[in-house]
Amino acid sequence: MSCMKFINFLILIILIMSLSILLSEGWANAIKWDTQVTMKHEYTDNVNFSSVNEEGDWIFTLSPGIKLKHNTLRNELNAEAEINFLEYTKKDELDTVNQKYKLFYDFQGTEFFNINFLSSFISDTTLDSEIEEKGIVFSRLGRKKHNIKPAISWFFTEKTSLDFSYDNTKVWYDSHQDYSNFQIQDTMAQVLHKMKDARKVLLWQVGYSRYNFEYNLDPSDVDYADSYRSLLGAEYEYSQVFKIAAQTGLRYTRARFFNRSRGNIKRKGFGLLSFTSEYPGGLLKLTFSRDIVSSGLYGELIEQDKIIFEAKRRITRFLTGSFKARWNDSKSESDFWNTDREYYRLSSSLSYRVMKQAFLSLRYIHDETYNHQKIINDQETDRKQKRNTIYLQLRIFWEQK
């Protein structure tokens, strides 16, 4: 199914479901529509995040969006659609339209049984998307991303549940000179238990992921990786304003890249540690994590260490300030490609509520990356890229009560 056919099909399904809900007796009062329009005018001094020939540009973005929400005692339905129209002042060949769609359905069958379903589709370009998702800076290229995730839960008691999920994500690109389409199939089983005081939560999770990389559109040229994991986790609500979450485990991965099988299994530790302090009018959060992500560039897996610090404070009744710092250290899992990248992002913003349903925001972002790339044991390149961005954004929204 082509991308446009899929988009039209998804929109049609959302419209049909929305219409059936509207026509269903007793459901109409539970429907809620949220709509919003966001206008953003930004300046960046390195529009392509290049290490040479840096070019600045002004970009105007118009983003209409809509959400449908429906809730009953047993059913929850959320459908979202957003379109981003980007217009560049100088480099008008970069003008584009991004699209985002999401559908979520949750059904509480009985007191002890729950199922849910999530599906999403994104059409955008890789440069800023890859930065936001993975902290990895690649070139600017059109991509499509589709995700589908069904899940089921059994509640043995009010405090203990067994969860199963299957997550299928497929990404494909407009060009295959350096990029590889890839698919991730992840299966997960998890036991979740709340302690007596409900302030401590324990979990045990096992999972298996299969990564397939289709290089150069040749069906026979498929690289793959199998990754198995097991982890233990805990969450402790120390007080009403302070929470600690931790996960630790082991994974091992076997991969084949460019027809080269890896004879040994790579075993690695991974996990997450976060501290959150959320109080009226403010938020502080510090997160450390290590995991693997898939990369379309050359078709490979990348191990990432991340540190993220977030702070948010309501200064006055109408004015809110925020600050976020992020560091990524990315290392290739491939024996053929060995790509190491460090990425830094600093951002700060002020948001002012100009009226009940409108926010005006001013934000500054500094991005910087250092790449050390070693190819086939001999060739080496070092590159440093940096970018400064500042934008003014107005978001207007309407909520149906």
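1. Aspartate 163 stands opposite glutamine 190 in S8 of this predicted model. The pairing belongs to S7 (residues 160–173) and strand S8 (residues 180–194), which run antiparallel and are joined by twelve bridges. A hairpin of six residues connects S7 to S8.

2. S7 also pairs with strand S6 (residues 142–155). That pairing is antiparallel too, with eleven bridges. Asparagine 147 has threonine 169 of S7 as its bridge partner. Four residues lie between S6 and S7 in their hairpin.

3. How enclosed is strand S7 by the rest of the structure? Largely, because ten of its 14 residues are buried.

4. Helix H2 spans residues 126–134. Its buried residues are Thr126, Leu127, Ser129, Glu130, Ile131 and Lys134. An α-helix has 3.6 residues a turn, so residues three or four places apart point the same way. Check the buried positions against that spacing. After H2 comes glycine 135, with a positive phi near 70 degrees.

5. Salt bridges deserve a point of their own. The count is 21. Side chains of opposite charge can pair when their charged atoms come close. One pair is lysine 91 with glutamate 93, where the closest N and O atoms are 3.3 Å apart. Its two members sit in contrasting settings. Lysine 91 counts as buried because its relative accessibility, 14%, is under the 20% cut-off. Glutamate 93, at 53%, is exposed because the cut-off for that class is over 50%.

6. Aspartate 367 and arginine 345 form another salt bridge, at 2.6 Å from N to O. This pair links distant parts of the chain, 22 residues apart. Aspartate 367 is in strand S18 (residues 358–375) and arginine 345 in strand S17 (residues 337–355). Are these two side-chain partners buried or exposed? Aspartate 367 is buried, with a relative accessible area of 0%. Arginine 345 is buried as well, at 11%.

7. Strand S18 also holds glutamate 368. The side chain of glutamate 368 meets that of lysine 384 in a salt bridge of 3.4 Å, N to O. Lysine 384 lies in strand S19 (residues 379–399), so the pair ties together parts that are 16 residues apart in sequence.

8. Which residues are linked in a network of salt bridges? Asp128, Glu132, Arg345, Asp367 and Arg387 are. The pair Asp367 and Arg345 from point 6 is thus seen again here.

9. Lysine 306 is in strand S15 (residues 300–314). It is partly exposed, because its relative accessible area of 22% falls between the 20% and 50% cut-offs. Leaving aside residues up to four places away in sequence, lysine 306 touches Thr287, Phe288, Ser289, Arg326, Trp327 and Asn328. Its C-alpha atom is 5.2 Å from that of serine 289, a residue 17 places away along the chain.

10. The second largest pocket has a volume of about 1100 Å³. Its lining numbers 34 residues. Ile184, Tyr211, Asp291, Ile292 and Val293 lie nearest the centre. Strand S14 (residues 282–295) gives the largest share of the lining, six residues. By class, the lining is mixed: eleven nonpolar, eleven polar and twelve charged residues.

Conventions: Residues numbered from 1 in each chain as written. Predicted model: local features only at pLDDT ≥ 70, side-chain atom pairs only at ≥ 80, totals over all residues. Heavy atoms only, no water. Helix = DSSP H or I, 4+ residues; strand = E, 2+ residues; numbered from the N terminus. Buried < 20%, exposed > 50% of the residue type's maximum accessible area, 1.4 Å probe, protein only. Contact = heavy atoms within 4.5 Å. 1 Å grid on protein atoms, 1.4 Å probe; cavity = no way out; pocket = protein on both sides within 12 Å on 5 of 7 lines; lining within 4 Å. Points joined across faces, edges and corners; volume = space filled by probe spheres on them. Nonpolar A, V, L, I, M, F, W, Y, C, P; charged D, E, K, R; others polar. Pairing = 2+ DSSP bridges. Salt bridge = Lys/Arg side-chain N within 4 Å of Asp/Glu carboxyl O.
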